[in-house]
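Colleague: Please take a close look at one part of this model, the way its strands are paired into sheets. I would like the pairing followed partner by partner, with a brief word afterwards on the enclosed space and the ring contacts elsewhere.

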Amino acid sequence: MLNTSSPADPAAAPDGAAIRMTGLRKSFGPIQAVRGVDLDIAPGEVVAFLGPNGAGKSTTIDMLLGLTRPDAGSVSVFGDSPVRAVQAGRVGAMLQGGALLPDVTVRELVGVFAALHRHPMPVQRAMELAGVTDIAGQKTTKLSGGQSQRVRYALALVPDPDLLVLDEPTVAMDVEVRRAFWASMREYTRSGRTVLFATHYLDEADAFADRVVVLANGVIVADGTGAQIKASVAGRTISAVIPGAGMDAVAGLPGVVSVEQQASRILLHCNDSDTALRAMLAGFPAAHDIEIAAGNLEDAFLELTAASRQESNR
Amino acid sequence: MSTTTAPTPSGTVGMTVRYALLSTRTAYRNVRFLVLTVALPLLLFLLYANLYQGQDTDTGLSVVAYLMVSMASFGCIGAAINTGARVAIERQTGWNRQLRLTALPANSYLIAKAAVSMLVTLPALILVFIAGATVGDVHLSATQWLDTGLAVWLGLIPFAVLGLVIGFAGTVDTVQPISMITYLGLSILGGLWFPVEQFPTFLQEVAKVTPSYWLADLGRSVLAGDGVPPTAVLMLAGWTIVLGVVGVFAYSRSGKKV
C-alpha cells in the first residue's frame with residue numbers, strides 16, 4: 001500500500017520502521033559498492049552490520065545518513081528522509097576514521113556539536129556516557145586513536161538520538177576500552193533506542209546485537225540472530241572421494257554451499273551437513289573415505305562471503 | 001560560564017553564529033595565522049612609518065598614510081584567504097561529513113565560513129590603523145577613520161570568497177602553497193609592498209586587474225577624502241561575481257567527492 005502523501009517513495013510509509021531500505025544501489029564508476037539492499041529495522045532493535053572490508057557497509061551507512069545519494073532505491077529513517085531525520089536530531093552517528101576538528105578542546109567540540117542540534121542532551125552527560133570527561137580539556141590533535149574514537153562516540157550521543165549508527169566503532173580501541181565501550185552502549189540502548197553498528201568481527205556482532213545482518217559484495221547474504229547466523233555460516237565440511245562425480249552435480253546437492261577439489265577428495269562446504277550427506281550417499285553410492293568436520297567460524301564466514309563473490313562475477 | 005552550560009540556540013541563525021564564533025576562536029589559536037596576518041603587516045608598517053615619516057606622495061597623501069592602507073590591506077587579505085583555505089582541511093579530514101550530521105544546513109556553513117573570513121581580518125585592520133594614528137602620525141577625523149576602515153573591510157569581500165574557492169578546490173596538501181602564493185602574489189602585484197608606479201610598464205597593466213590594487217585604491221581614495229572610486233567598486237564587485245561562480249562550481253564538485 002502506498003503512502004498517499006509521497007507516492008513516489010513507498011519507503012516513507014509511516015509504518016513504524018526505524019530504518020527501511022528498499023532496493024538500495026550505489027556504484028562508484030565501474031565498482032558496484034551496493035547492489036540492491038532491502039532491510040527493515042524496527043525501533044529498539046540493536047543490529048550488527050557484519051561483513052568484510054569492501055562489503056559495502058560504509059556506503060550503505062552513508063546512504064542511511066544522507067551523506068551519499070543512492071543511484072537507485074530508497075531509504076527512510078523513522079518514515080522520513082535521512083537528511084530530515086538527521087536535521088531533526090533523531091540520528092547520531094560515529095563515522096569511520098577522519099580527524100576531529102583541530103585546534104579545539106574535547107569539551108568545546110562536544111559543546112559546539114550540541115549547539116548544532118535541536119534538542120541535545122547536556123554536554124556533560126554525553127561526555128560521561130562516552131567516558132571522555134578525563135580528557136575534556138585536551139586538544140583534539142593530542143588524542144590517541146582510542147581516545148578519538150570515544151570523542152566520536154560522544155559526538156554521536158550528544159544529539160540525544162533515537163537511532164545510533166556506529167561505523168566500526170571499536171577500531172583502534174584496546175580490549176579494555178572496547179569492553180567499556182560496549183557496556184556504555186548497552187546502558188544507553190536500554191531505553192529502547194535503535195542501534196545499527198558495522199563491524200567485521202563476528203564475535204562482536206554475536207555478543208552485542210539482537211540481530212546480525214551479513215553483507216558481502218553489496219548484498220545481504222544472511223540475516224538473523226547471532227546464533228542463527230553462526231549455525232548457517234559455521235556449517236560443516238564433508239570430505240569424500242567420489243569417483244565419477246562432476247563438481248557441478250555435487251555442488252547442486254541440497255545443503256551444500258560450495259565445493260572444492262582437493263587432490264583426489266572433494267570438499268563439500270555445507271550449511272546442513274545431515275541433508276547433504278544423505279543426498280550424497282543417495283546420489284553417489286560409490287563415495288568413500290567420508291569425513292565430516294565442524295567448520296571454523298571465521299573460515300565459514302569467509303566462505304559465505306566468497307560464495308557471494310563468485311555469484312556476483314557470474 | 002563555561003561552554004558546557006551555555007544555552008543552546010535552537011534556530012538556524014543561532015547555530016550559524018555559534019559555529020562562526022567557534023571557527024573564529026580556533027583561527028586565533030593558530031599561531032602561524034596570527035604571525036602571518038597580524039604581526040607581519042604591523043611590523044612592516046612600523047618599519048616603513050619610521051623610514052618615511054614626514055614625506056608626502058605625489059597626490060599629497062602622506063607616505064605613511066599610503067603605506068598604512070597598503071599594510072592593513074596586506075594583513076587583511078592574508079587573514080581572509082587563509083581562513084577560507086582552512087575549509088580544505090576540514091573537508092578532507094572528514095570533519096565536514098561529521099558536520100553534515102547536524103542540523104546546520106550547508107548554506108549556513110558557507111555563510112558562517114564567509115563571516116569568519118571577514119571577522120578575522122579585523123585585528124590586522126584595527127591594529128595597523130591604531131599604529132598609523134599613534135606611531136605613524138596619521139591625523140584623520142573619527143568619521144574619516146571609520147569610512148576608511150569600512151571601505152577597506154567591505155573591499156575584502158572578494159578575498160573572503162577567494163579563500164573559500166581555494167578551500168573547496170584545493171586539497172590538504174595543495175591548499176597551503178596555493179593560498180601562500182595567491183596571498184603574496186596578489187599583495188606584491190597589487191602594489192601593497194612597492195607602489196605600482198615603480199613597476200615596469202607591463203606589470204603596471206597586470207597590477208590594474210588585481211583585486212588587491214583596487215582594494216588599496218579604494219582605501220586610499222576614501223582616506224584622502226576623494227570619495228568612493230566607481231572603478232574600484234566595479235572591479236571588486238566583478239571579482240566577487242567571477243569568484244562566486246567559480247566557488248559555486250568548486251563547492252558542488254567537492255560535495256560529490258565527499
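Modeller: Two strands are taken to pair if DSSP finds at least two bridges between them. The model is a predicted one, and every value below is computed from it.

By that criterion, β1 (residues 19-28) and β2 (residues 31-41) of chain A are partners: eight bridges join them, in the antiparallel sense. One of these partnerships can be read off directly, since Arg20(A) has Asp40(A) of β2(A) as its bridge partner. The connection between β1(A) and β2(A) is a hairpin with two residues between the strands. Gly29(A) lies in this turn and has a positive phi of about 60°.

β1(A) has a further partner in β4 (residues 72-77) of chain A, again antiparallel, with five bridges. Here Met21(A) is matched with Val75(A) of β4(A), and Ile19(A) with Val77(A) of β4(A). In a regular strand, side chains alternate between the two faces of the sheet.

Taken together, these pairings give an open sheet of three strands in the order β2-β1-β4 (chain A), with antiparallel pairing. β2 and β4 of chain A are the edge strands; each has a single partner, so one side of each is left without a neighbour in the sheet. From one strand to the next, the twist averages 25°. Helix α1 (residues 57-64) of chain A packs on this sheet and touches β1, β2 and β4 of chain A. The direction of α1(A) makes about 120° with that of β1(A).

Chain A also contributes an open sheet of six strands, ordered β5-β6-β7-β3-β8-β9, in which the pairing is mixed. At its edges stand β5 (91-94) and β9 (219-224) of chain A; because each has a single partner strand, one side of each is left without a neighbour in the sheet. Neighbouring strands of this sheet are turned against each other by 15° on average, direction ignored. Helix α5 (residues 145-157) of chain A packs on the sheet, where β5(A) and β6(A) (163-167) are the strands touched. Between the directions of α5(A) and β5(A) the angle is about 170°.

The mixed character of the six-stranded sheet can be followed through β8(A). Towards β3 (residues 46-50) of chain A, β8 (residues 211-216) of chain A pairs in the parallel sense, over four bridges. Towards β9(A), it runs antiparallel, with five bridges. Val212(A) appears in both pairings: Ala48(A) stands opposite Val212(A) in β8(A), while Gly224(A) in β9(A) is the bridge partner of Val212(A). The antiparallel pair β8(A) and β9(A) forms a hairpin with two residues between the strands. In that turn, Asn217(A) has a positive phi of about 50°.

Turning to enclosed space, there is one cavity of 30 Å³ or more, and the space in the largest cavity is about 50 Å³. Its lining includes Leu101(A) from chain A, together with chain B residues, among them Ser23(B), Thr83(B), Arg86(B) and Lys113(B). Helices α1 (12-29), α3 and α5 (106-119) of chain B each supply at least two lining residues. By character, the lining divides into three nonpolar, three polar and three charged residues.

The second largest pocket holds about 690 Å³ of space. Of the 27 residues lining it, those closest to its centre are Thr57(B), Thr59(B), Tyr66(B), Pro195(B) and Glu197(B). The largest share of that lining, five residues, comes from α11(B). The lining comprises 13 nonpolar, eight polar and six charged residues.

As for ring contacts, the structure holds 11 aromatic pairs over all chains. In one of them, Phe129(B) and Trp145(B) have ring centres 5.5 Å apart and planes at 55°, so the pair is tilted. This pair links distant parts of the chain, with Phe129(B) in α6 (residues 122-133) and Trp145(B) in α7 (residues 142-154) of chain B, 16 residues apart.

How values were computed. Residues are numbered from 1 along each chain as its sequence is written. Chains are lettered from A and ligands numbered from 1 in the order in which they are written. This is a predicted model: local features need pLDDT of at least 70, side-chain atom pairs count only at pLDDT 80 or more; totals for chains, interfaces and linings use all residues. Side-chain values use heavy atoms; hydrogens and water are left out. On a 1 Å grid over the protein atoms alone, a cavity is a set of points where a 1.4 Å probe fits but cannot get out, and a pocket is an open set with protein on both sides within 12 Å along at least five of seven lines; lining residues have an atom within 4 Å of a point. Grid points are joined across faces, edges and corners, and a volume is the space filled by probe spheres set on the points. Ala, Val, Leu, Ile, Met, Phe, Trp, Tyr, Cys and Pro count as nonpolar, Asp, Glu, Lys and Arg as charged, and the others, Gly among them, as polar. Axes are lines fitted to C-alpha atoms, for helices over the stretch in contact, and angles run from 0 to 180 degrees between N-to-C directions. Contact means heavy atoms within 4.5 Å. Rings of Phe, Tyr and Trp (its six-membered ring) pair if their centres lie within 6.5 Å; planes under 30 degrees apart count as stacked, over 60 as edge-to-face and the rest as tilted.
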